[in-house]
Amino acid sequence: MKYTYLSLLALLAILSGCADKDKKGDGAAFGDSTDNIYDQALPERSGNPDTADYDTLKSETVFFSYDSFTIEAKERPKLDKLANYLSNNSKTKIVIAGHTDARGTPQYNLALSEKRANAVRQYLIGLGASGSNISTIGYGEDRPSSEGESDSANNANRRAAPGILR
Amino acid sequence: MLLSVSMRLILPLLLLAPSLLLSQDSAPVIVIEQTRKVDVAISPIAGAEGPAMTKVLQNDLERSGACRVVEPAAASLTLSGTITPAGLAGRVLPKAGGAPLVDSSFNGDARRATHQFADAFIQALTGTPGFASSKITFASASGTKKNSKKEIYICDIDGANCRQLTQDGALGYGPKFSPDGNKIAYSSDKSGYRDTYIIDLSSKKRSIVAQFPGQNTGAAFSPNGSTLALSLSKFGNPEICTLSSSGGEPTRLTNTRGTDCSPCWSPDGSQIVYVSDERGSPGLYLISPTGGTPEKLNTESSYTTEPDWSPDGKKIAYSITSGGGQIGVYDLETKKTRIVSRGSGLESPSWTRNSRHIICSQNGTLVLLDSLTGEAIKVPNNLSNNTEPNTTR
């Protein structure tokens with residue numbers, strides 16, 4: 001219990017530290033809101049998410065609960081692996097592609113899927129990954145991995161998939 | 001001639017105070033209850049395109065919700081018209097005699113002129129603008145489910161003149177008209193990332209207006225057309241921002257850890273309603289276009305998105321996902337909500353000019369929903385998977 005609490009503090013410290021770093025690195029501090037620890041300004045664009053390689057890192061796809069962008073404890077080992085991959089491949093640029101299931105409306109699903117991708121990116125930054133190598137895109141409900149609206153299809157579709165940009 | 005001139009001067013005054021009309025004039029029923037229909041007849045429109053335009057007019061009148069087309073003997077008003085080289089000359093005469101309710105020429109092709117005649121009549125009858133001459137823009141998907149493409153389309157509000165505007169071969173979303181109806185803002189991942197584009201319908205040119213890192217979606221024009229409100233994630237999080245409609249640097253309005261999207265302006269431009277899930281499931285919030293503290297609207301439903309502010313400023317329509325897909329309306333004066341649709345699968349409401357009818361999609365089909373009666377009429381086209389309709393004001 002105590003251990004978890006300390007880890008959380010450590011993570012928050014890392015996150016706020018990175019926010020400062022990103023703010024300088026990005027060069028364009030924005031408005032007066034840059035002290036928000038949830039802000040991890042996105043990098044300039046690179047590559048094309050549409051043609052990224054989503055196969056190599058497929059087993060690191062993170063799944064989400066309905067209408068949630070919380071990264072659940074059971075998904076975190078995948079992100080440890082992904083952070084490790086990124087530190088071993090420091091030149092590789094990746095995109096996190098967020099998705100929703102078929103329920104909900106188009107704009108909110110686009111934003112929620114983007115938010116899922118943002119949450120994964122922030123978590124990776126918290127683990128020490130370089131934010132400038134991680135882009136995001138949200139595809140809403142329009143790139144399902146599984147068709148239909150069964151529970152199993154919905155569970156499979158609520159995901160954030162890492163792709164290698166080329 | 002004199003009569004016609006005096007009528008033109010008096011009519012607008014009478015419409016402002018419709019209850020005076022009965023006492024001051026011998027004309028038949030002009031004032032209607034909100035859902036009461038006036039019985040009208042249409043004399044066949046003269047001219048080569050007359051028969052087709054008679055049908056167009058009848059359809060417009062029936063969809064207006066304000067009148068019912070009946071046999072001449074049962075009608076209290078009769079519409080007649082002649083197709084001319086310039087358009088249509090239309091006239092509406094009360095059965096009881098007296099001055100015509102409408103006696104004007106309408107320019108444009110026969111169909112357009114006929115819609116304008118219908119709108120002039122509805123305006124004269126109800127004091128509220130008609131929407132027969134409005135247009136709809138929407139996205140329509142094709143291809144396989146896993147690799148679909150969504151292109152942007154435009155059609156008349158009765159479904160006619162359907163045209164594909166984009167050939168992006170990408171996922172296009174959320175087309176929204178400018179206030180004058182001459183431009184459409186939408187987002188597409190044509191470049192690989194989701195950018196916001198503006199299509200100029202008169203010059204047929206498209207420009208890119210927002211291509212910041214992350215998503216650039218849900219752009220909505222301010223009432224004067226000069227500013228866009230949209231959802232940007234360049235900060236690492238989808239936030240509501242404003243941006244000049246000619247581009248440039250955005251101004252950030254929201255600062256939450258949640259998902260903020262779907263902004264829509266109040267008609268007077270003083271507020272923006274948008275969706276946020278910062279307190280759990282998505283709900284509606286109001287914020288000033290200059291920022292500040294958002295105010296949550298209590299819609300009494302747990303999952304509400306896609307707000308659209310009515311042209312009269314009094315109501316906000318939205319989608320209720322928690323009910324299987326219904327349309328709700330929030331009354332800003334009474335702070336009460338109402339579900340105005342029947343059935344399921346409805347989403348993406350867009351008010352028409354009269355602040356009564358709503359264009360929305362229902363299971364991939366465009367429909368015209370009467371928010372007073374719950375009746376939904378199809379807007380026919382040959383496409384499937386029609387989403388996110390938006391209508392001109």
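The following paragraphs describe helix packing, a chain interface, a domain arrangement and a sheet in a predicted model.

Within chain A, attention falls on the packing of two helices. Two packed helices are described by the angle between their axes and the distance between the axes. In the case of helix H2 (residues 76-88) of chain A and helix H3 (residues 106-126) of chain A, the axes come within 10 Å and cross at roughly 65°, and the crossing of H2(A) and H3(A) is right-handed. On the side of H2(A), the contact is formed by A:Leu79, A:Leu82, A:Ala83 and A:Leu86, and these meet A:Val120, A:Tyr123 and A:Leu124 of H3(A). In terms of residue class, the contact of H2(A) with H3(A) comprises seven nonpolar residues, with no polar and no charged residues.

Helix H3 of chain A also takes part in the interface between the two chains, in which 36 residues of chain A are in contact with 39 residues of chain B. On the side of chain A that touches chain B, the elements giving two or more residues are H3 and strand E3 (134-138) of chain A, and H3(A) gives the most, with ten residues. The composition of this side of chain A is mixed, with 13 nonpolar, twelve polar and eleven charged residues.

For chain B, the domain assignment gives domain 1 (2-126) and domain 2 (135-391), and the centres of domain 1 and domain 2 of chain B, taken over C-alpha atoms, are separated by 33 Å. Between these domains of chain B, seven residues of domain 1 are in contact with nine residues of domain 2. Helix H3 (residues 50-64) of chain B gives the most to the side of domain 1 that touches domain 2, with three residues. That side of domain 1 of chain B contains four polar and three charged residues, and no nonpolar residues.

Chain B further contains an open sheet of four strands, arranged in the order E21-E22-E23-E24 with antiparallel pairing. Strand E21 (304-309) and strand E24 (337-339) of chain B stand at the edges of this sheet, and each has a single partner strand, so one side of each is left without a neighbour in the sheet. Neighbouring strands of the sheet are turned against each other by 25° on average, direction ignored. The partner of E21(B) in one such pairing is strand E22 (residues 315-320) of chain B, and the two strands run antiparallel and are joined by four bridges. Across this pairing, B:Asp308 stands opposite B:Ala317 in E22(B).

Key:
Residues are numbered from 1 along each chain as its sequence is written. Chains are lettered from A and ligands numbered from 1 in the order in which they are written. This is a predicted model: local features need pLDDT of at least 70, side-chain atom pairs count only at pLDDT 80 or more; totals for chains, interfaces and linings use all residues. Axes are lines fitted to C-alpha atoms, for helices over the stretch in contact, and angles run from 0 to 180 degrees between N-to-C directions. A crossing is left-handed if the near helix is turned anticlockwise from the far one by less than a right angle, and right-handed if clockwise. Two residues are in contact if their C-beta atoms, placed from the backbone, lie within 7 Å. Ala, Val, Leu, Ile, Met, Phe, Trp, Tyr, Cys and Pro count as nonpolar, Asp, Glu, Lys and Arg as charged, and the others, Gly among them, as polar. Domain bounds come from an automatic or database domain assignment. Two strands pair if DSSP finds at least two bridges between them.
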